[in-house]
Amino acid sequence: VFFFFSSRRRHTRSASVSWARRCVQETGINAEYMGTQKYLSIMGCGAAKKGATDPAGKGKEAKESKEEKGPEDKKDAPNLAGGHADSFKFNKDGTLCKAGKKAEIAFYEEFKDPAGKYHSEIEILKPFCPVYHGIVEEGGKKWIKMQNATAGLANVSFMDIKMGDKSYGPDATPEKIKSQEEKAKKTTSLEYGFRLTGMTVKDDKGANSFKLLKQYGELTFQQIPEFVEKLLKCNGKDKINVKACEYYIAKMKEILEIMEHKWSRFLIATSIFFVISNTDDKFDLKLIDFAHVHPCPPGERDNGFIKGVKHLITIFEGVLKKGIQLSFFLTFTLDN
């Protein structure tokens, strides 16, 4: 970009290059990703680390998922940012089936109960949740059938952010509480109310550019914006998708309003699942994972979740601001 200036505009070029450096410092993704590959599995650039899901479907984990009997087709199984592949079945009709835990089944069944205790709250939250299609029983198991948020999107990328400052419920054992508290201290969960647990970014051909899984280490709060930027630049784009970022911010603000004033239960270990296709210019977010929903004490709210949403909004707003600045700068340089 900087070499498009003519020699007759040296003063303008000098000033613009100085501005460019500031913009790059604020907006550019570090080429070495903070000098470590601890956090990223670069797909197609060497073997995936042990334990990672094989996006080509050739590894042991993918093979085991394929062989397991259950509802319909599993060809989209790599479209998981976190969780266990054998807990999901992907259907040809744009739905998926998730292995159902009793508590999560009970939560989704509230979607169909107009006389339920929390019906008014459920109706408010429902637009942010996958569409629920009921329970499928097969092979002695119960599966929750729901909307697949990635279905129909070309070269779709996605990110899973686990919300809250703790990931255990009131029925957790002392051992579980201790292990989860230690995890929260090592990640952004305790201080900031969320942690990035998984992420897959696709290039313009649909291959994985990189895949971030939780076993690659704990990210710091300061590192999160780089990964948000990477998501918004998926499919080989050199600038963030501003419309998608604005949409995510608006939806998170709606969720924040609900959690602060209209919701009376803890959503422990619930995630915000971001999906985006820059190929199609389509994007969405959904709340997922409801295996640990518990009533708040009278007059209280889920402050851990609320804290996390507030920090995420701040991060996305910062990414948006930098993206707009960089876009304006690139337009300025090309026009001059």
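A residue counts as buried under 20% relative accessible area, as exposed over 50%, and as partly exposed in between. By that scale glutamate 254, with a relative accessible area of 37%, is partly exposed. The model is a predicted one, and a search of the whole structure finds 13 salt bridges, some of which are described below together with a four-stranded sheet and two residues with positive phi.

**Salt bridges of helix α8**
- Glutamate 254 forms a salt bridge with lysine 251, their closest N and O atoms being 3.7 Å apart, and both residues lie in helix α8, three residues apart, which is about one turn of the helix.
- Lysine 251, at 22% relative accessibility, is likewise partly exposed, because the value falls between the 20% and 50% limits.
- A salt bridge also joins the side chains of lysine 253 and glutamate 317, at 3.3 Å from N to O; since lysine 253 belongs to helix α8 and glutamate 317 to helix α9 (residues 303-335), the pair ties together parts that are 64 residues apart in sequence.
- Both partners of this pair are partly exposed, with relative accessibilities of 34% for glutamate 317 and 42% for lysine 253.

**A salt-bridge network**
- Lys98, Glu104, Lys162 and Asp289 are joined into one network by salt bridges that share partners.
- Within this network, lysine 98 and glutamate 104 form a salt bridge whose closest N and O atoms are 3.0 Å apart, and lysine 98 is buried at 11% relative accessibility, as is glutamate 104 at 2%.
- Aspartate 289 is buried as well, because its relative accessible area of 19% is under the 20% limit.

**Sheet and packing**
- Four strands form an open, antiparallel sheet in the order β1-β2-β4-β3, with β1 (88-90) and β3 (132-138) as edge strands that each pair on one side only, and the twist from one strand to the next averages 25°.
- Strand β4 (residues 141-147) pairs with β3 in the antiparallel sense over five bridges, and isoleucine 144 in β4 is the bridge partner of isoleucine 135.
- Helix α3 (residues 102-109) lies across β2 (95-99), β3 and β4, and runs at about 45° to β4.

**Helix α7 and positive phi**
- Helix α7 is largely enclosed by the rest of the structure, because seven of its nine residues are buried, among them Phe227, Val228 and Leu231.
- Asparagine 235, in the loop between α7 (224-232) and α8 (242-261), has a positive phi near 65° although it is not a glycine, and it is buried at 4% relative accessibility.
- Aspartate 289, in the loop between β10 (282-288) and β11 (293-295), is another residue other than glycine with a positive phi, here about 70°.

Notes
Residues numbered from 1 in each chain as written. Predicted model: local features only at pLDDT ≥ 70, side-chain atom pairs only at ≥ 80, totals over all residues. Heavy atoms only, no water. Helix = DSSP H or I, 4+ residues; strand = E, 2+ residues; numbered from the N terminus. Buried < 20%, exposed > 50% of the residue type's maximum accessible area, 1.4 Å probe, protein only. Pairing = 2+ DSSP bridges. Axes fitted to C-alpha atoms, helices over the stretch in contact; angles between N-to-C directions. Contact = heavy atoms within 4.5 Å.
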